[in-house]
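Hi everyone, thanks for coming. Please pull up the model on your screens, and I'll talk you through it.

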Amino acid sequence: MAKTKPGKKDLDSYTIKGTNKIVRPGDCVLMRPSDSDKPPYVARVEKIEADNRNNVKVRVRWYYRPEESIGGRRQFHGAKELFLSDHYDVQSAHTIEGKCTVHSFKNYTKLENVGAEDYFCRFEYKAATGGFTPDRVAVYCKCEMPYNPDDLMVQCEGCKDWFHPSCMGMTIEQAKKLDHFLCSDCSSDDDAKRSLNTFPLSPPVELKIWSHFLTLFSRQWVTRNSRTFLNKELYKREAIGKIERTLV
Ligand SMILES: [Zn+2]
Ligand SMILES: [Zn+2]
């Protein structure tokens with residue numbers, strides 16, 4: 001980390017204006033966008049600094065919302081999903097309007113209640129290239145998509161894979177009433193398996209990787225790219241990569 005410049009001093013904490021909420025380095029915060037129609041920006045505070053006139057600045061690492069990423073929001077992105085970007089900034093601490101929690105994906109799926117300040121992050125995002133880390137995640141169901149924690153899925157008692165009710169021709173209400181569920185593949189050869197008294201499992205779900213998804217992803221990217229002349233705004237955003245944050 002850079003040395004503190006003369007006249008500046010590092011602070012351990014900052015109290016959000018008009019509140020008693022204390023922000024410390026490492027905390028996640030909501031920052032007020034200049035366009036009040038937009039949702040707040042989410043950032044992780046890396047450093048808090050005051051100059052000799054006591055103006056407090058925060059060095060932040062931005063989270064991106066799926067719609068701000070090159071690939072855009074996809075079906076499997078959760079409503080509270082964020083990507084930890086490699087985009088850093090220095091902003092006035094006055095633009096901080098509140099604190100929030102960015103959970104790991106696993107912890108988020110275990111929350112009993114998701115509050116307004118709860119978000120989750122499972123990918124890091126390189127703003128300039130649009131690359132994600134990890135670039136492979138487990139996929140589920142016939143549609144071979146990563147898990148969206150906002151969507152109900154049902155587990156097959158045969159292959160143990162998880163399925164979207166809609167992909168199995170069911171409504172959510174029908175799925176909620178199920179006591180037992182076998183996917184179409186398992187129910188068709190269920191009798192054969194029973195008579196052999198074995199319990200064959202598909203390869204562990206973690207091994208079903210994202211290659212299929214990546215193909216879809218790049219195909220969409222190509223399509224979008226060839227259409228960018230229709231949408232100058234989109235073209236500009238994709239060319240720049242980083243989304244500038246304008247704060248009040
Ligand atoms: Zn599906
Ligand atoms: Zn099955």
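I'll start with the whole chain, then go through the strands, the cores and a few single residues.

First, a caution: what you're looking at is a predicted model. The average pLDDT over the protein chain is 78, and 75% of the residues score at least 70. So where is the trouble? The stretch from 195 to 240 has a pLDDT below 50, although in the model it still makes 31 contacts beyond near neighbours in sequence. Among the elements, helix α5, residues 211–226, has the lowest mean pLDDT, at 32, and β3 has the highest, at 98. Where pLDDT is low, please don't read the predicted coordinates in detail.

Now the overall make-up. There are six helices and 12 strands in the protein chain. Of its 248 residues, 21% are buried. And if you take the contacts with a separation of 6 or more, 57% of them are between residues 24 or more positions apart.

Okay, strands. Let's follow how they pair up. Start with β5 and β6, which are antiparallel and share seven bridges. Find Val 45 in your viewer: its bridge partner in β6 is Val 60. These two strands, β5 and β6, make a hairpin with five residues between them, and in the turn you'll find Asn 54 with a positive phi of about 70 degrees.

Next, β6 also pairs with β7, again antiparallel, through seven bridges. A handy spot to look at is Arg 61, which sits opposite Tyr 88 in β7.

Then there's β8, residues 96–104. Strand β4, residues 28–31, runs antiparallel to β8, with four bridges joining them. One pair to click on there is Cys 28 and its partner in β8, Cys 100. What about β8 and β9: parallel or antiparallel? They run parallel, and four bridges join them. Look for Thr 101 facing Asp 118 in β9.

That brings us to what is packed between residues. In soluble globular proteins, nonpolar side chains tend to be buried together. In this model, the largest nonpolar core has 29 residues, and the ones with the most contacts inside it are Val 42, Ala 43, Tyr 63 and Cys 121. Which elements give two or more residues to this core? They are β4, β5, β6, β7, β8 and β9, so you've already met them in the pairing part. Let's zoom in on Tyr 63. Beyond its neighbours within four places in sequence, Tyr 63 is in contact with several residues, including Val 42, Ala 43, Leu 84, Val 102 and Cys 121.

There's also a second, separate core, with eight residues, and among them are Tyr 140, Cys 141, Met 145 and Cys 183.Let's stay with Cys 141 for a moment. Cys 141 is in the loop between β10 and β11. Is Cys 141 buried or exposed? Cys 141 is buried, because 20 other C-beta atoms lie within 10 Å, and 20 is where the cut-off for buried sits. Its phi is near 70 degrees, which is positive even though this residue is not a glycine. Most residues other than glycine have a negative phi, and most peptide bonds are trans.

With that in mind, here are two more places to check. Lys 160, in the loop between β11 and β12, also has a positive phi, about 70 degrees, without being a glycine. Lys 160 is partly exposed, with 14 other C-beta atoms within 10 Å. And back in the loop between β10 and β11 you'll find Pro 134. The peptide bond joining Thr 133 and Pro 134 is cis, with omega about -5 degrees.

Right after Cys 141 comes Lys 142, in that loop between β10 and β11 as well. Lys 142 has 13 other C-beta atoms within 10 Å, so it counts as partly exposed. Setting aside residues up to four places away in sequence, Lys 142 touches Phe 163 and Cys 167. Lys 142 and Cys 183 are 41 residues apart along the chain, yet their C-alpha atoms are separated by 9.5 Å.

Last stop: Ile 22, in strand β3. Why is Ile 22 called exposed? Because it has 12 other C-beta atoms within 10 Å, and exposed means 12 or fewer. Outside its neighbours within four places in sequence, Ile 22 is in contact with Ser 13 and Thr 15. Ile 22 and Gly 98 are 76 residues apart in sequence, but C-alpha to C-alpha they are 9.4 Å apart in space.

That's my tour, thanks for listening!

Terms used:
Residues are numbered from 1 along each chain as its sequence is written. Chains are lettered from A and ligands numbered from 1 in the order in which they are written. This is a predicted model: local features need pLDDT of at least 70, side-chain atom pairs count only at pLDDT 80 or more; totals for chains, interfaces and linings use all residues. Two residues are in contact if their C-beta atoms, placed from the backbone, lie within 7 Å. pLDDT is the predictor's confidence in each residue, from 0 to 100. Two strands pair if DSSP finds at least two bridges between them. A nonpolar core is a set of buried Ala, Val, Leu, Ile, Met, Phe, Trp, Tyr and Cys residues joined through C-beta atoms within 7 Å.
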